[in-house]
Amino acid sequence: MSTTPLITLNNGVTIPQLGFGVFQIDPDETADAVVTALDAGYRHIDTAQMYRNEAGVGEGVRRSGLPRDEVFITSKLNNDSHDPEAAAAAFERTLDALGTDHVDLFLIHWPLAMVSDFVETWHAMEEFYRSGRARSIGVSNFQPHHLRRLIDGSTVVPAVNQIEVHPYLTQAEARAFGAEHGIATEAWSPIAQGKVLDDPTVVRIAETHQRTPAQVTLRWHIQRGDIVFPKSVTAARIRENFALFDFELDDVDMAAIDALNRDERTGPDPDTFDYVP
Ligand SMILES: NC(=O)C1=CN([C@@H]2O[C@H](COP(=O)(O)OP(=O)(O)OC[C@H]3O[C@@H](n4cnc5c(N)ncnc54)[C@H](OP(=O)(O)O)[C@@H]3O)[C@@H](O)[C@H]2O)C=CC1
Ligand SMILES: O=C1CO[C@H](CO)[C@@H](O)[C@@H]1O
């Protein structure tokens, strides 16, 4: 069975570059999907308090029979828990739901810059990291201006920034900022929830390589060096999305996909998204 490359984060922790995302997987179906993914070779699961399926992730990992330390688990602090005391209680709930004594990565899900002080929230995250119960901490949906303020006001530099990235939103500025500051970029909605799969350029490159449009798009992410975790509840697609390591895109293919950028989001804009449930 093939394995995924590992990326070393700025704190020395390694993360499998290809993982499995579980947003919009029904809590009752999550354990089965996670078992299917782990059987296919994935060793990295991306969940969030907001997805309400952390318990299913924990159950799936246990049911797989794999030792806990062979699976990298990420979760994210919900938007209603930015207050440092609320963050501490929410972090406990995540560990309880997953049924584990630590997570490998814990993220602030959204900056919520208009309704909270994310630097204060980050100080609570630093405590989770110092205690060892979050092996790494990071952020999600932070723009360079948010990251600048965070880095200026704290001691631990985020290990990752998880942002929306796909061929229609290539995120040159945010990825360059991350590279400059040792913050790994994680690409969410890597196939734009399916919207890039009919793109004629992607389809043409897929035909050339006798691969699917999803595989070509995910391979483009891998060759750019980002961490990526496509979601699927379909067993055949879960396996298809993992079969990325026996073909390569050349520079011309990579440039053609880069050129599809049109700065088009499928999800919310971090500068205006302030949803607190
Ligand atoms: N930090 C954040 O704010 C966010 C984080 N995320 C994370 O990123 C992960 C991935 O993003 P997500 O938004 O789920 O979207 P994706 O870009 O991964 O797309 C998922 C959709 O594509 C379909 N699909 C998956 N594989 C294939 C394939 N090979 N061929 C055709 N269709 C396919 C799935 O269908 P089906 O399931 O029916 O097979 C599903 O409808 C999330 O699960 C979550 O972990 C996502 C959004 C925001
Ligand atoms: O992780 C997430 C899944 O998608 C949602 C809607 O786009 C986001 O709000 C959320 O951050």
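**Ligand 1 and its polar partners.** A polar contact is a pair of N or O atoms within 3.5 Å. Keep that cut-off in mind for this close-up, which, like the others here, comes from a predicted model. Start at Asp-46: an N or O atom in its side chain sits 2.7 Å from an oxygen atom of ligand 1, so the pair counts as a polar contact. Lys-231 also brings a polar side-chain atom to 2.7 Å from a ligand 1 oxygen, and for Thr-234 the figure is 2.6 Å. On its own, ligand 1 would expose 910 Å², and the protein buries 88% of that.

**The wider shell around ligand 1.** Step back a little and there are 28 residues around this ligand. The ones that come nearest are Asp-46, Gln-193, Lys-231, Ser-232 and Thr-234. What kinds of residue make up the shell? It's a mix of 13 nonpolar, ten polar and five charged. As for where the ligand sits, ligand 1 takes up space in the largest pocket.

**Ligand 2 and its ring of neighbours.** Seen up close, ligand 2 has Phe-23, Met-50, Tyr-51, His-109, Trp-110, Pro-268 and Phe-273 around it. Sorted by class, that shell has six nonpolar residues, one polar and no charged. Which side chains reach an oxygen of the ligand? Tyr-51 does, with an N or O atom 2.6 Å away. The side chain of His-109 has an N or O atom at 2.8 Å from a ligand 2 oxygen, and a polar side-chain atom of Trp-110 is at 2.7 Å. Ligand 2 alone has 290 Å² of accessible area, of which the protein covers 78%. The space ligand 2 takes is, once again, the largest pocket.

**The largest pocket.** Here's the space that holds ligand 1 and ligand 2. Its volume is about 780 Å³. It's lined by 37 residues, with Phe-23, Gln-24, Ser-189, Gln-193 and Lys-231 closest to the centre. You've met some of these already: Gln-193 and Lys-231 are among the residues that come nearest to ligand 1, while Phe-23 belongs to the surroundings of ligand 2. Helices α8 (213–224) and α9 (235–240) each give the lining at least two residues. By class, the lining splits into 17 nonpolar, 15 polar and five charged residues.

**The second largest pocket.** This one has a volume of about 190 Å³. Look for Gln-143, Pro-144, His-145, Leu-169, Gln-171, Ala-172, Glu-173, Ala-174, Asp-263 and Arg-265 along its lining. Two or more of the lining residues come from each of α5 (144–152) and α6 (172–181). Which element gives the largest share? That's α6, with three residues. The lining is made of four nonpolar, three polar and three charged residues.

**The one cavity in the structure.** How many cavities of 30 Å³ or more turn up in a search of the whole structure? Just one, and it holds about 50 Å³ of space. Its lining is Asn-141, Phe-142, Gln-143, Ile-163, Glu-164, Gln-171, Ala-174, Trp-188, Arg-265 and Pro-270. Five of those residues are nonpolar, three are polar and two are charged. Some names may ring a bell: Gln-143, Gln-171, Ala-174 and Arg-265 line both this cavity and the second largest pocket.

Methods: Residues are numbered from 1 along each chain as its sequence is written. Chains are lettered from A and ligands numbered from 1 in the order in which they are written. This is a predicted model: local features need pLDDT of at least 70, side-chain atom pairs count only at pLDDT 80 or more; totals for chains, interfaces and linings use all residues. Side-chain values use heavy atoms; hydrogens and water are left out. A residue is near a molecule or strand if one of its heavy atoms lies within 4 Å of it. A polar contact is a pair of N or O atoms within 3.5 Å; within protein, one must be able to donate a hydrogen and the other to accept it, and residues adjacent in sequence count only if both atoms are side-chain atoms. Accessible areas come from the Shrake-Rupley method with a 1.4 Å probe; for residues, only the protein chains shown count as cover. On a 1 Å grid over the protein atoms alone, a cavity is a set of points where a 1.4 Å probe fits but cannot get out, and a pocket is an open set with protein on both sides within 12 Å along at least five of seven lines; lining residues have an atom within 4 Å of a point. A molecule sits in a cavity or pocket if more than half of its atoms lie within 2 Å of its grid points. Ala, Val, Leu, Ile, Met, Phe, Trp, Tyr, Cys and Pro count as nonpolar, Asp, Glu, Lys and Arg as charged, and the others, Gly among them, as polar. Grid points are joined across faces, edges and corners, and a volume is the space filled by probe spheres set on the points. Helices (H or I, at least four residues) and strands (E, at least two) are DSSP runs, numbered from the N terminus.
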